[in-house]
Amino acid sequence: MKGIITVLGKDKVGIIAKVCTYLADNNVNILDISQTIVQDYFNMMMIVDISLAEKSFEVLVEELHHAGEEIGVEIKLQHEDIFNIMHRI
Amino acid sequence: MISRVEVQETNKMIREMNLDVRTITMGISLMDCAHTDLSVFNQKIYDKITKSAEKLVKTGEDLEKQFGVPIVNKRISVTPISIAAGALNTDTYVPVAEALDKAAREVGVNFLGGFSALVQKGCTTGDRKLIESIPEALAVTERVCASVNVGSSRSGINMDAVKLMGDIIRQTAERTADRDSIGCAKLVVFCNAVEDNPFMAGAFHGVGERECVINVGVSGPGVVKRALEEVKGQDFETLCETIKRTAFKITRVGQLVAQEASKRLGVPFGIIDLSLAPTPLIGDSIAEIFQVMGLEEAGAPGTTAALAILNDNVKKGGVMASSYVGGLSGAFIPVSEDHGMIQAVQRGALTLEKLEAMTCVCSVGLDMIAIPGDTSKETLSGIIADEAAIGMVNNKTTAVRLIPVIGKGVGEMVEFGGLLGYAPIMPVNSFNCAGFVDRGGRIPAPIHSFKN
């Protein structure tokens, strides 16, 4: 099962490290990353494979959200289906 | 491969434009609960509802997390109680409403619809008992919603029921006078009611439906509004195309949630109701869509045409997004639940008569309109008759959800709270119609061979 992670917030040191460490600790594999910084705002999108994660999707969503709160950015994990179904016929 | 632009677009819709799934409604048949003894019947319906909907709220919350899209309401609709309780040996159905309320609270849904009767052609004993129980039932319960279907294109309009409902609305208003007559916000009078509508207060689980089913209502006026801002000033073809494309995307989200909910709950998927349903939030309003279309306020000349365009293109865009479309599908135009509509009333742009004209092309009817508390029952019946006639002749669903706010008059504000919103009290034409309403009997169904 694939998920999409989006990270949005003011740029600072360690955002990617925080997200990637969490993912590594939870056996979530990163398949793709793209990232931009526009006027100090950090904007990242990741495609991840969560089929080997032990925690449930809902728990990962919640923990990532909290991890984001700790460093002042918004981290969102969503199932890829919502993007596929909305933009593909 | 999912592109960054698509991800951003979806999340922008959710974050900034109020895209949400308005409701997951579980329809539950109570046919097999029929019993002559009140306490046995109540126990049976309580058990069936709480067992069937045990995981409904939790599943909704899980899906919300999984897809990152808000699912605002989790609700239940049941077989019209006048049918399910037909065998009951009792004078009042109020205890049944209380049992339904208890079950709704137990499973954590905010509304349960189906305290209903279908009397378009005539009333059974059970129907009459149910209707007469409505004022008390809505006063003593919190989550139960009632509806009565008084007409249809095939049977005509049951004017005895129309007359009775004017009285019932008044009684309901009086019974909840201490709470701005909120009981009336939970009571809808229909013509051509549909059996699979997931939206309250008119939801019920029709007799042609299966045992248990999941219906989903989508929302998203904010998303349509923002999309239209991008094409401001362009021609109608572009306008229509933009609404269609947006409606498609909104509906796909509903379809995804519906399929997943149905899979997780082990309950078949019923329909998606492709409706734009507003909320009192700024930026989530149908009236604001009219403004982006080029009208100064909802109610200005052109509003009916604008609504017709919106309604039709929401359907055109939505039908391809889901295999099973049903319910009321279109655009709702409630007053108290729509920030822009409230403003239009306050500025004097929108009147009850214009709203009535708009109901010819909207998905439902006169919805959540606060009127003076001294409005007579005959006037209420007259308004119901007008609205039912629009539905009957035009082969569409129409509804009336009027709130005569006891103790308040034109221009005063009334606050219902939450999604029900707030509203200024609108004037009503108070010329007498008692001689018409009091005739009783039934208006025959219209002829449909010479369509005009």
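Residues 4-78 of chain A carry the UniProt annotation "domain: ACT", which comes from an unreviewed entry. The structure shown is a predicted model. Within residues 4-78 of chain A, 35% of the chain is helix and 43% is strand. The C-alpha atoms at the two ends of that stretch are 5 Å apart.

**Secondary structure**
- Chain A contains 3 helices and 4 strands.
- Read from the N terminus, the order of elements in chain A is β-α-β-β-α-β-α.

**Overall dimensions**
- Chain A has a radius of gyration of 13 Å, and the globule rule gives 12 Å for 89 residues, so the chain is as compact as a globular protein of that length.
- Along the principal axes, a box of roughly 35 × 30 × 20 Å holds the C-alpha atoms of chain A.

**Packing and contacts**
- Of the 89 residues in chain A, 46% are buried, where buried stands for under 20% relative accessible area.
- Among contacts in chain A with a separation of 6 or more, 65% are between residues 24 or more positions apart.

**Surface and charge**
- Chain A has an accessible surface of about 4500 Å². Carbon and sulfur atoms account for 53% of this surface.
- The charged side chains of chain A comprise 7 positive and 14 negative ones.
- The centre of the positive set and the centre of the negative set lie 5 Å apart.

Methods
Residues are numbered from 1 along each chain as its sequence is written. Chains are lettered from A and ligands numbered from 1 in the order in which they are written. This is a predicted model: local features need pLDDT of at least 70, side-chain atom pairs count only at pLDDT 80 or more; totals for chains, interfaces and linings use all residues. Side-chain values use heavy atoms; hydrogens and water are left out. UniProt positions are given in the numbering used here, feature names are shortened, and annotations may be inferred rather than shown by experiment. The radius of gyration is taken over C-alpha atoms; the globule rule is 2.2 Å times the number of residues to the power 0.38. Buried means under 20% relative accessible area, exposed over 50%, partly exposed in between (1.4 Å probe, protein chains only). Contact means heavy atoms within 4.5 Å. Accessible areas come from the Shrake-Rupley method with a 1.4 Å probe; for residues, only the protein chains shown count as cover. Lys and Arg count as positive and Asp and Glu as negative; His and the chain ends are not counted. The place of a charge is taken as NZ of Lys, CZ of Arg, CG of Asp or CD of Glu.
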